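Grab a coffee and open the viewer. Below are some exercises to work through, each with a solution you can follow step by step.

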Amino acid sequence: MTGVTTLARMTAFARNQWYVAAYGREIGRELLGRTILNEPIAFYRTESDDTVIALADRCVHRRYPLTAGRLDGDTVVCGYHGFTYDTGGTCVFVPGQKRVPRTARVPSYPVVEQDSLVWVWIGDPALADPHAVPRAPWLADPRWTTVGGMEPIDADYGLLVDNLLDLSHETYLHSGYIGTPEVAETPITTEVDEGAGVVRVSRHMDDAECPPFYARSTGIDGRITRWQDIEYHAPCLYLLHSRIAPVGVLPGPDGSDPDAFHVEITYAITPSTDHHVYDFWAVSRDFAQDDEEVTTFLHDLNRTVVLQDVAALNVLQKALDTEREGYQELSINIDTGGLAARRILARLAAEGERTAAVAATK
Amino acid sequence: MTGVTTLARMTAFARNQWYVAAYGREIGRELLGRTILNEPIAFYRTESDDTVIALADRCVHRRYPLTAGRLDGDTVVCGYHGFTYDTGGTCVFVPGQKRVPRTARVPSYPVVEQDSLVWVWIGDPALADPHAVPRAPWLADPRWTTVGGMEPIDADYGLLVDNLLDLSHETYLHSGYIGTPEVAETPITTEVDEGAGVVRVSRHMDDAECPPFYARSTGIDGRITRWQDIEYHAPCLYLLHSRIAPVGVLPGPDGSDPDAFHVEITYAITPSTDHHVYDFWAVSRDFAQDDEEVTTFLHDLNRTVVLQDVAALNVLQKALDTEREGYQELSINIDTGGLAARRILARLAAEGERTAAVAATK
Amino acid sequence: MTGVTTLARMTAFARNQWYVAAYGREIGRELLGRTILNEPIAFYRTESDDTVIALADRCVHRRYPLTAGRLDGDTVVCGYHGFTYDTGGTCVFVPGQKRVPRTARVPSYPVVEQDSLVWVWIGDPALADPHAVPRAPWLADPRWTTVGGMEPIDADYGLLVDNLLDLSHETYLHSGYIGTPEVAETPITTEVDEGAGVVRVSRHMDDAECPPFYARSTGIDGRITRWQDIEYHAPCLYLLHSRIAPVGVLPGPDGSDPDAFHVEITYAITPSTDHHVYDFWAVSRDFAQDDEEVTTFLHDLNRTVVLQDVAALNVLQKALDTEREGYQELSINIDTGGLAARRILARLAAEGERTAAVAATK
């Protein structure tokens, strides 16, 4: 597979979708501002029952950011003239008069808190289905130990999707950390479920060098069988099921796999503004769960790897900023998953636009 | 009064008007550059008689800023190739030849120095009437003691007009300095003189908490009668007549008012470039005139308050920069004065454009 | 000569020309990135024979800069996914598959290394004539001692051409270094060879003050005869033949000139992006060749002078950025050379466009 693609300057945003806005632990009794698909949003937890609230981060009066104001119980008070909003976004106080105008309200956003993540629905709230939020259960499962963080990148979110769906870059960009020659050399298999919007890319290495990331955390010191099974649920959730075992050790016929080490690597790719993306990352393991040293090592090393991606994508975006509209790139086999992801994202973006247009004509 | 307004991205500039360019004390024998309504201007005082001169800050030769050059007696020498201009903007020397081209001149601007302020006329010099410069006499009156300064703001000047015409923000943005709950609670009365381009907003609080700004400077320690009478002379001059007295102490029938404390708060709002404005501020008092401690206290506290406005307007402008053209806002009673000011500014801007068009066709 | 010129915002780039990309000493076994006429280029020397290679600095795969990768022998390995290019720009390795797509190549640029400079051809490689590279032989001649450097300027390259072709600015901008009153006062003679694209501007001062630059380096302590003969080979190479001698000392009838001091000042003016230019400068002398103190003095002083130009042109560009499209300037006699240079540059730019259009239709 080889192909030349002519590209637009920016990957379109897919509305009417769930996006990770934050880790649950990031949201409390201070207002937190995040901009998602160009929409500025203020997040906080209620005093009464700890629910996460998401309101448009612009006062209806003069558009001052609510995040520059303060919480008063379960309400938000604008820091400029004191307009005060309840958890549904309805204004309950304005200065200088008793009557609050009926139209004084800010949009509120549907929120689901699940698997330690806070998801927000960007689009028509009537279409939000809380049961459609994709799962990453190990993030909040006591049998797994998880480290994680979030790094913002000054790049089109499509560049991060590209990056994560083609792990052959590990060999070059992350050499000495998670990359070894076998990653770039081993062919991949790709499966695309267009309807569900899921892309699966697998690379099974039978006999590979053990990179430092795994050598130090598992204690294996010979060569390994290394499986990388990617499952990308467009647009936001990316799962990398990673399996490490001494060479030749395979799962049993019943699927049990007691002699392997499993790592679930979770990314949430949340577009912020046109050329900014939040890169949420987490690494969960089912071994050495209580070993603080392994925990610290995996956190620091994976953060280093993420920061290598951040640096590379910042550089790449700067390079693309100087390209003419409609510049070209050349794709090969390793890009099959990434190209499928782009196709799905384009479809989701078009569907989101269509829904918005229908809603507008009603 | 409630209303939804659709807004343009920028408040139009009103030409053929006087604007404050500087305090007189800022201009001397060093060239001072200020950009007013997008026009870069070089200011200096003559050696011969201390007059303030204002010339376009661009050499006619290659448009190098004159402020990057130097003064030679009453003339300005360009720092690049030495083109030299007299106080009227006529070029009197060029390098490499004896003859100075007839067309070698830069525009000069009408200037009035009055009440310690340097006013400059932006527009057609033939229309400049020095007697039309509005007054703020206490700024240069020995019976008053004045502190002041200037802070640039990275915002549309219209945001500063909004800010100053609606003092209910004092309760939220300046809480603990000049704001108390009564400011936001007390209704205002607004008078608009469309012809003269003057907006008056009054808020008379009969029984109010005394904010630290006044408690420490006047020595009053109980509750107060607090009057705030705003007089905005569009586009540039904003006066806030502030009267503080113990509760129940009122002016005599003849207007005499010996038992009250008076503070004249003067602002000059001078648009620089599209989203930059010079915020000149001064606080004049008729009590404790020689008390240095009160002087220092009022200077520092008012500067802190101004910097709170600067920070808020910088944040607000950044928020508005991401709004679509034609975004909306919701106005209530407290905004009556600000909306009137916007109406007058729009009319002055249109008149300035019209005059320019007429002049161009002559 | 007096004239008003209406200017466009940017001097057009002349393609199908040779440009100085670097000093030879800047290029070795580390990848060096330079952007020339908006084209990002990666430079390096081969391990095998020290030749300078110039490749487009964008991987054909995802347009990651090759300069963010590394050298492997004579090849360049992309730092993102390992695409590997030979010295001609042909891709010789891609990850995950054996077959390298036929279209996988990046443009390579014709290069000439001469007189210590590395020249690169921007335009159609088929038109590149290595014999057409202009000469500055003293830069690599053992009878001359040379100091030099390169300073980037955030300005239209046309501003640097203007600057160098009118040395009357020395009197004002470089007063106390290389400027004296006589430079601005002495009329110039200008000769233009439109066909060859060469502009010559001469200023012969018979009896002039000796500026510090020459007083300290030559040891002359009285007044001097000072000749400045500019030879500008558009678009890139600027030569200033400078001759200093005690007053009255002239060359012999046979052209011999043993009692004068000669300094060859070489500039290469290489447009980078629209408002960025590389300012290469070198000062070569035929006296005190081995005197380290003179060498250090001339280096430091000339660098100071160049940085005065850099600062002035950065300021000038910022001023011009706020001018309306089609702003005007006023030219006088001193500008004759600069105006001729602009005319030639406009013609070369038009010819370059025309050639590109012809090539595109083939």
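The exercises below go from confidence to symmetry, then to the two interfaces of chain C, and end inside single chains.

**Exercise 1. Find out how confident the predictor is in this model.**

Solution.
- Step 1: Keep in mind that you're looking at a predicted model.
- Step 2: Check a single chain. Chain A has an average pLDDT of 94, and 99% of its residues score at least 70.
- Step 3: Now go to the complex, for which the predictor reports an ipTM of 0.93 and a pTM of 0.94.

**Exercise 2. Work out which symmetry relation links chain C to chain A, then try chain C on chain B.**

Solution.
- Step 1: Recall that two copies of a chain are related by a rotation about an axis and a shift along it.
- Step 2: Lay chain C on chain A. That takes a rotation of 120° with 0.1 Å of shift along the axis, and the RMSD is 0.0 Å.
- Step 3: Name the relation: this is what a three-fold axis does.
- Step 4: Look for the part of chain C that comes nearest to the axis. Its nearest C-alpha belongs to Asp321(C), 12 Å away.
- Step 5: Repeat with chain B. Chain C superposes on chain B after a rotation of 120° with 0.0 Å of shift along the axis, again at an RMSD of 0.0 Å.

**Exercise 3. Describe the interface between chain C and chain A: how much area is buried, and which residues of chain C lose the most?**

Solution.
- Step 1: Start with the contacts. Chain C brings 23 residues, which touch 31 residues of chain A.
- Step 2: Add the area. About 2100 Å² is buried between chain C and chain A, and carbon and sulfur atoms give 56% of it.
- Step 3: Pick out the main players on the chain C side. Arg62(C), Arg63(C) and Tyr80(C) lose the most area to chain A, and together they make up 34% of what that side buries.
- Step 4: Go through the charges. Side chains of opposite charge can pair when their charged atoms come close. Here the rule finds five salt bridges between chain C and chain A.
- Step 5: Zoom in on a salt bridge that uses Arg62(C): its partner is Glu329(A), and the closest N and O atoms are 3.1 Å apart.
- Step 6: Count polar contacts and sort the residues. Twelve residue pairs are in polar contact across this interface, both residues of each at pLDDT 80 or more. The chain C side consists of twelve nonpolar, seven polar and four charged residues.

**Exercise 4. Turn to the side of chain C that touches chain B, and find which element supplies the largest share of it.**

Solution.
- Step 1: Count residues again. This contact takes 31 residues from chain C and 23 residues from chain B.
- Step 2: Look at the area. It comes to about 2100 Å² buried, with 57% from carbon and sulfur atoms. In chain C, Tyr172(C), Leu330(C) and Ile332(C) lose the most area to chain B, together 30% of what that side buries.
- Step 3: Check the charges. The rule finds five salt bridges between chain C and chain B. In one of them, Glu329(C) pairs with Arg62(B), with 3.1 Å between the closest N and O atoms.
- Step 4: Map this side onto the fold. Elements of chain C that each supply at least two residues include helix H1 (157-165), helix H5 (292-321), strand E19 (327-331) and helix H6 (336-361).
- Step 5: Pick the winner: H5(C) gives the largest share, six residues.
- Step 6: Sort by class, and you get 16 nonpolar, eight polar and seven charged residues on this side of chain C.

**Exercise 5. Explain what the salt bridge between Asp162(A) and Arg342(A) ties together.**

Solution.
- Step 1: Find the pair. The side chains of Asp162(A) and Arg342(A) meet at 2.6 Å, N to O.
- Step 2: Place both ends. Asp162(A) is in helix H1 (residues 157-165) of chain A and Arg342(A) is in helix H6 (residues 336-361) of chain A, so the bridge ties together parts 180 residues apart in sequence.
- Step 3: Put it in context: over all chains, a search of the whole structure finds 63 salt bridges.

**Exercise 6. Track down some unusual backbone spots in the loops.**

Solution.
- Step 1: In chain A, look at the bond between Ala234(A) and Pro235(A). This peptide bond is cis, with omega about 5°. Pro235(A) sits in the loop between strand E15 (224-233) and strand E16 (237-246) of chain A.
- Step 2: Try chain B. A cis peptide bond joins Ala234(B) to Pro235(B), with omega about 0°.
- Step 3: Stay in chain B and check Leu37(B), whose phi is near 50°, a positive value in a residue other than glycine. Leu37(B) is in the loop between strand E3 (32-36) and strand E4 (39-45) of chain B.

Terms used. Residues are numbered from 1 along each chain as its sequence is written. Chains are lettered from A and ligands numbered from 1 in the order in which they are written. Side-chain values use heavy atoms; hydrogens and water are left out. Contact means heavy atoms within 4.5 Å. Buried area is the accessible area (1.4 Å probe) that two parts lose on being put together, summed over both. A salt bridge is a side-chain nitrogen of Lys or Arg within 4 Å of a carboxyl oxygen of Asp or Glu. A polar contact is a pair of N or O atoms within 3.5 Å; within protein, one must be able to donate a hydrogen and the other to accept it, and residues adjacent in sequence count only if both atoms are side-chain atoms. Ala, Val, Leu, Ile, Met, Phe, Trp, Tyr, Cys and Pro count as nonpolar, Asp, Glu, Lys and Arg as charged, and the others, Gly among them, as polar. Copies are superposed by least squares on the C-alpha atoms of residues with pLDDT of at least 70 in both. pLDDT is the predictor's confidence in each residue, from 0 to 100. Helices (H or I, at least four residues) and strands (E, at least two) are DSSP runs, numbered from the N terminus.
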